[in-house]
Amino acid sequence: MKKFAKFWKAANFRLKFGLIVTLIFFIIGFVVYYVPHVNPFTFNTYPNKLGASAEHWLGTTSMGQDVVWLLIEAIHNSLVIGLIVAFLGTVVGVFVGLLSGFAGGLLDRVLMIVTDTFVVIPSLPILIMMTSLMKGSSTTIVMALVLAMFAWAWPSRQIRSMALSIKERDFIHTAKFSGESTVQIVVTEILPYALTWSLSNFMNATLSAIGSESSLAVLGLSPGNLVSLGNMIQWARSYNAIFNKQYLWIGAPIVATVILFVGLFLLITGYNDYLSMKRGR
Amino acid sequence: MKFKTFFLQRILAWALTILIGVTFIFFIPRMFPSDPVENMIAQMQSRSGNMDPAEMEALRQQLRIQFGLDGTLLEQYGYFLLHGLLQFDFGPSLMSYPEPVTSIIGRNLPYTLGLSLTTTLLAWIIGNFIGLLAGFRKNKTSSKILEGIAICIYPIPYFLVALVLQIVFAFVLGWFPIQTTLLTRGTFAQWLGSLLKASVLPGISMLLLGTGWWIISMKSLAGTTAEEDFVLYARYRGISEAKIGASYVFRNSILTQITALAMSLGGVFGGSIMTEIIFGYPGVGTLIQNAILQSDYNMILGCITISIVAISTATLVVDLIYPFIDPRIRYG
């Protein structure tokens, strides 16, 4: 608690604001989500096209679903996808980056050529191709795996250059001369460095995975039974929520996505500023 | 390092990137259990009832050849590299059979290039200019407000900004057409007028996002450069603030932004696809969407191969220009 108070005092405005917004979304997605409720996806649970009321805060959809619970489910699923992708991307990225930075030689070159390719090639078109091949048969997990294929390259490149610069520093030589093995050095000396940077990358990957999933959803390429923020926007669009002036239905997921993204982005930039300030710059 | 070595290395990296990229998009679909030919036959069967088995087998064979799915995997790969990658020949499009994929892409590509290149360049110039001013005077309230706006726009996905603009300006206010309609008849001026009118909203939505990023990154770059010793020294020498901003801070920070421009092109292309789809703008994005809806795999493969080649090449060009702009880098 004391540690947290100290952190809070040193944190900048962006970090605090971003942290609060992100925390609210996590509470909605992982705490409120488990409050017992009717499955929001089921059609015609309630009368169709209701406006906002005490019972249905954001009204109901054209299929008689409650918008609030649909939104909560969407936030939950989008966060889950984002977190899985970010986790996989970070783990693989750190591993490949460290391997390539320490192994050097041919392995390093080959790994870096592949990594650079994944950094440069446009991810969206390839994601479009893969998901359009799986149309109908894809699941949340498969979706996350596919998105993760583009989440590892950037961290791996950054971790590699970090490893290259750290491995020539004095304390590494000291560790080596005192008889530590390479694996030991990587785990005890270098991983802590890599992890602080990885946290910021982790949040970034979460954000971009949720963004990619919702882009694919707008193309109708996200699994059809997955209630995600993108799919919710897409359903509202395809049932002409805009023409019928059901602005609450289409507006709710849009506003939620915007707030979530701005919150996460503030958290990332705030955290990076906080880190560089801690380093004394 | 000699310029020639740098040049050759860069060209080699470019070729490798493209090769790995297209190899990837060639093999990945073949690892999925889903087979485009079987999908199409299933679709046809559901549409036209039962078919004669012999007829179906002939059709299957025919489709295999047209999808480049004939022969062993290695043969298919060789065929794809030779025809697809080197000659941009992806076979006939299945949605507007028998027109070749390449000629359809050729018709749509100028719209995408026009939209994305114009907005990217404009966003780069405007964003860097505002970012420079904001970074150079970073303690002014106006700088903070500008950065705040940029931060609230930049992280939003392209399609959402496009969707919000569409709802507000096309549906609610009715200032612009909801979907793109280009005049096919009439004079060139009329056609151009309809194109410009249709491009306003897609253009603005891409411009907003692009500018947001350049403001944020340029502000932080300029803010750091402005605290360097040589800027302080210039101030002591009594050089005017405008001159310091233009020739000291600007020249040093803009170089990083040129590399960043090259790195951002892939993202811009993805954004352009999404923006086009929301507005029904007749570029490659809309083409890809139609191809997905009608399971036109030749078209999807063609669009993606060409986009990989185009983006890698654009990145290469920016990288090769770089040494001519930065006087600190001189090869041989």
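**Exercise 1. The buried side of a helix**

Which residues of H1(B) are buried in this predicted model, and what covers them?

*Solution.* Start with the helix itself: helix H1 of chain B runs over residues 3–31. Its 29 residues reach 42 Å from the first C-alpha to the last, close to the 42 Å expected at 1.5 Å a residue. Next, pick out the buried positions, which are B:Thr17, B:Ile18, B:Gly21, B:Val22 and B:Ile25. To see how such a spacing can arise, recall that an α-helix has 3.6 residues a turn, so residues three or four places apart point the same way. Finally, look at the cover: it includes H4 and helix H5 (123–133) of chain A, together with helix H4 (73–87) and helix H12 (297–325) of chain B.

**Exercise 2. Where the chains meet**

How many residues does each chain bring to the contact, and which helix of chain A supplies the largest share?

*Solution.* Count by chain to begin with: 34 residues come from chain A and 39 residues from chain B. On the chain A side, H4, H5, helix H9 (182–218) and helix H11 (247–278) each supply at least two residues. H5(A) gives the largest share of that side, with nine residues. Now sort the chain A side by class, which yields 25 nonpolar, eight polar and one charged.

**Exercise 3. Chain A as a whole, and one pair of its helices**

What elements make up chain A, and at what angle do H3 and H4 of chain A pack?

*Solution.* Take the overall picture, then the pair. Chain A has eleven helices and zero strands, and its C-alpha trace spans about 75 × 50 × 30 Å along the principal axes. Of its 281 residues, 45% are buried. Among contacts in chain A between residues at least 6 apart in sequence, 70% join residues at least 24 apart.

For the pair, remember that two packed helices are described by the angle between their axes and the distance between the axes. Helix H3 (residues 67–103) and helix H4 (residues 105–120) of chain A pack at about 140°, with their axes 7 Å apart. The crossing is left-handed. H3(A) contributes A:Val96, A:Leu99, A:Ser100 and A:Ala103 to the contact, while among the residues from H4(A) are A:Leu107, A:Leu111 and A:Thr115. By class, the contact of H3(A) with H4(A) has six nonpolar, three polar and one charged residue.

**Exercise 4. Two residues to classify**

Is A:Phe13 buried or exposed, and what does B:Ile178 touch?

*Solution.* Locate A:Phe13 in helix H2 (residues 13–30) of chain A. It has 10 other C-beta atoms within 10 Å, and 12 or fewer means exposed, so A:Phe13 is exposed. Its C-alpha is 9.6 Å from that of A:Leu267, 254 residues apart in sequence.

Turn to B:Ile178, in the loop between helix H7 (158–172) and helix H8 (188–225) of chain B. With 16 other C-beta atoms within 10 Å, B:Ile178 is partly exposed. Leaving out residues up to four places away in sequence, B:Ile178 touches B:Gln166, B:Ala170 and B:Phe171.

**Exercise 5. Two domains in chain B**

How many residues of each domain of chain B are in contact with the other?

*Solution.* First set the bounds: domain 1 covers 1–95 + 295–332 and domain 2 covers 110–293. Their centres are 30 Å apart, taken over C-alpha atoms. Then count: 14 residues of domain 1 of chain B are in contact with 14 residues of domain 2 of chain B. The domain 1 side holds nine nonpolar, two polar and three charged residues.

Conventions: Residues numbered from 1 in each chain as written. Chains lettered and ligands numbered in written order. Predicted model: local features only at pLDDT ≥ 70, side-chain atom pairs only at ≥ 80, totals over all residues. Domains from an automatic or database assignment. Contact = placed C-beta atoms within 7 Å. Nonpolar A, V, L, I, M, F, W, Y, C, P; charged D, E, K, R; others polar. Helix = DSSP H or I, 4+ residues; strand = E, 2+ residues; numbered from the N terminus. Buried ≥ 20, exposed ≤ 12 C-beta atoms within 10 Å, placed from the backbone. Axes fitted to C-alpha atoms, helices over the stretch in contact; angles between N-to-C directions. Left-handed = near helix turned anticlockwise from the far one by under 90°. Expected span 1.5 Å × (residues − 1).
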